[in-house]
Amino acid sequence: MKNKITVIGIGPGDESDLTSRAREALKNADILVGYTYYIPFISHLLKESVEIVKNGMKQERQRIAKALEIAEGGRDVCVISSGDSGIYGMAPLVYEMLCERKLDVEVEVIPGISAFQKAASLLGAPVGHDFCVISLSDLMTPWAIIEKRIKAAVDADFVTAVYNPKSIGRYWELYRLKELFLLGRDPETPIGYVRHAGRKGEHTTVTTLKDFNPEDVDMFTVVLIGNSQSYGWEGRMITPRGYYIDNADEENSPGRNIMIESFRTIAKELADSDVEIGIKWPLLHAIHTTADFEMEKILKVDEDAVARIFTALTKGGVRTIVTDVTMAAAGIRKGALSRLGIEVKCYLNDPATAELARREGITRTQAGIRLAVAEHPDALYAFGNAPTALMELCTLIRHHKATPCGIVAAPVGFVHVCESKHMVKPFSDIPKIIVEGRKGGSNLAATLVNSILCWPDAELLRPGRDV
């Protein structure tokens, strides 16, 4: 019978994370080889007669050489490895040296819970989808290769666990990793890190990629970086697996997931990624609809405008949105309107509108706004086409006939367009979203309204609830 080396993954350190198979192997061990630091984690599980061979850090080859010598000498031996013995552990080295020496020794590998798995369980559910694990230690791997792997992880949108992130001598590598991830990930991507996972002094932190401070991390820390679908919730990290899609749940429909990915792509390309969410949310909607990054310069959002209008429509008693043209009305999501109990009205094609326009010598869009204000003075008014309609609303506000809960001002064109937008600006008590200059359009007005209707999804950057 061959003599045997049993390589035991002892988990991250807490006895409760030790598998029953590993516990049994430790209990029956006659000779145990291990790193000095790890022996105390499992010493109370060993029998009194066990022979312990230990040495320090960076003496892994000597440790395994001793284990092979014991096995070749006719005795079974156990080798302990923290976490899982096959993940940055002793199992590969045992096989490498065994192959090199061509020894006739049996090897059994007993898996354990890896540090990144323990850290993930403490952080929530950050590795719910495809992931990779990268070590930043360049003691045995050239940095050029490590950097190549980091870039690949970013490009492939892997959730990424980082081992050996930082030490006294290796301080800059984690800064470089953050720099590389910021080139390809949303700054709001959640990051979690755990110090002493499964050991005394265990501490967890969840933050974002842009706020992550490498100085808070040391060699006893495991870092997990989310992918484009990951999000933070109540101090936890969550990476959806996609089960809800199988159930055709509109909350996680393929269309919504595409929109989420699009928004995160746009967010990465913004000139100012730190813009506050009350502005970023409608801005992302505007760029998503137009593919025009000039919106960063020309979209003007009053302070808390989106939140204030949403509150008025859901809690303030206002249940009507008025648009200048039917195309703008058509672009407002019917699912959102139904969910919130809100109706959209456009008076452009009302027979009374045509009659009023003819009688007063005004445009039909002007006439439509006059009729709308008579019935719904406090509605949300959205303009995507007609500057004369917006100018009419301004006049009615000045005459105390209209008190809109909000205004989306995005008429498009060349005549009176800029003037109409200037006219609405002085109404400081009315929350407004304005597309300055000549640009605008019904599709743009509609998407800005949609950003208001799905405001509760802004913080998690999860658009498209009703797509």
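A cavity here is a set of grid points where a 1.4 Å probe fits but cannot get out. With that in mind, about 30 Å³ of space lies in the second largest cavity of this predicted model.

**View 1. The second largest cavity and the residues around it.**
Let's start with the enclosed space just mentioned, at about 30 Å³. Its lining consists of Ile10, Gly13, Asp14, Glu15, Leu18, Phe41 and Ile42. Sorted by class, that gives four nonpolar residues, one polar and two charged. How many cavities of 30 Å³ or more does the structure hold? There are two, and the other one gets the next view.

**View 2. The largest cavity, with a volume of about 40 Å³.**
Around this space sit Val322, Thr323, Asp324, Cys346, Tyr347, Leu348, Arg364, Thr365, Gly368 and Ile369. Strand S15 (320-323) and helix H16 (364-375) are the elements that give two or more residues to this lining. Which element gives the most to it? That would be H16, with four residues. The class count for the lining comes to five nonpolar, three polar and two charged residues.

**View 3. The largest pocket, at about 1700 Å³.**
Now for an open space. A total of 46 residues line the largest pocket, and Tyr38, Glu60, Tyr88, Met140 and Asn164 are the ones that lie nearest its centre. Several helices and strands chip in with at least two lining residues each: on the helix side H3 (60-72), H4 (91-101) and H6 (143-155), and on the strand side S4 (77-81), S7 (131-135) and S11 (221-225). If you like to think in terms of chemistry, the lining splits into 24 nonpolar, 13 polar and nine charged residues.

**View 4. Strand S2 and its two parallel pairings, with S3 and with S4.**
Is S2 (residues 31-35) mostly buried or exposed? Five of its five residues are buried, so the strand is largely enclosed by the rest of the structure. S2 runs parallel to strand S3 (residues 51-55), and five bridges join the two. For a landmark in that pairing, look for Tyr35 opposite Asn55 in S3. S2 also pairs with S4 in the parallel sense, this time over two bridges. There, Leu32 stands opposite Cys78 in S4. As background, strands of a sheet pair through backbone hydrogen bonds, either parallel or antiparallel.

**View 5. An open five-stranded sheet with H5 lying across it.**
Reading across the sheet, the strand order is S7-S8-S11-S9-S10, and the pairing is mixed. The edges belong to S7 and strand S10 (203-208); each has a single partner strand, so one side of each is left without a neighbour in the sheet. From one strand to the next, the twist averages 20 degrees. At the S7 edge, S7 and strand S8 (residues 159-163) pair in the parallel sense over five bridges. Cys132 stands opposite Thr160 in S8, which is a handy pair to zoom in on. Helix H5 (residues 115-123) lies across S7, S8, strand S9 (190-195), S10 and S11, and runs at about 65 degrees to S11.

**View 6. Asp84, in the loop between S4 and H4.**
What makes Asp84 count as buried? Its relative accessible area is 14%, and the cut-off for buried is under 20%. Leaving aside neighbours within four places in sequence, Asp84 is in contact with Gly89, Pro111, Gly112, Ile113 and Ser114. For a sense of scale, Leu136 is 52 residues away along the chain, and the C-alpha atoms of Asp84 and Leu136 are separated by 18 Å.

**View 7. Arg333 and Asp466, two buried residues in contact.**
Arg333 is found in the loop between helix H13 (326-330) and helix H14 (334-340), while Asp466 belongs to the segment after helix H19 (442-453). Arg333 is buried, with a relative accessible area of 13%. Asp466 also counts as buried, at 13% relative accessibility. Neighbours within four places in sequence aside, Arg333 is in contact with Met259, His285, Asn450, Cys454, Gly464, Asp466 and Val467. On the same basis, which residues is Asp466 in contact with? They are Arg333, Gly335, Ala336 and Arg339. As for His400, 66 residues from Asp466 along the chain, the C-alpha atoms of those two are separated by 36 Å.

Definitions and conventions. Residues numbered from 1 in each chain as written. Predicted model: local features only at pLDDT ≥ 70, side-chain atom pairs only at ≥ 80, totals over all residues. Heavy atoms only, no water. 1 Å grid on protein atoms, 1.4 Å probe; cavity = no way out; pocket = protein on both sides within 12 Å on 5 of 7 lines; lining within 4 Å. Points joined across faces, edges and corners; volume = space filled by probe spheres on them. Nonpolar A, V, L, I, M, F, W, Y, C, P; charged D, E, K, R; others polar. Buried < 20%, exposed > 50% of the residue type's maximum accessible area, 1.4 Å probe, protein only. Pairing = 2+ DSSP bridges. Contact = heavy atoms within 4.5 Å. Axes fitted to C-alpha atoms, helices over the stretch in contact; angles between N-to-C directions.
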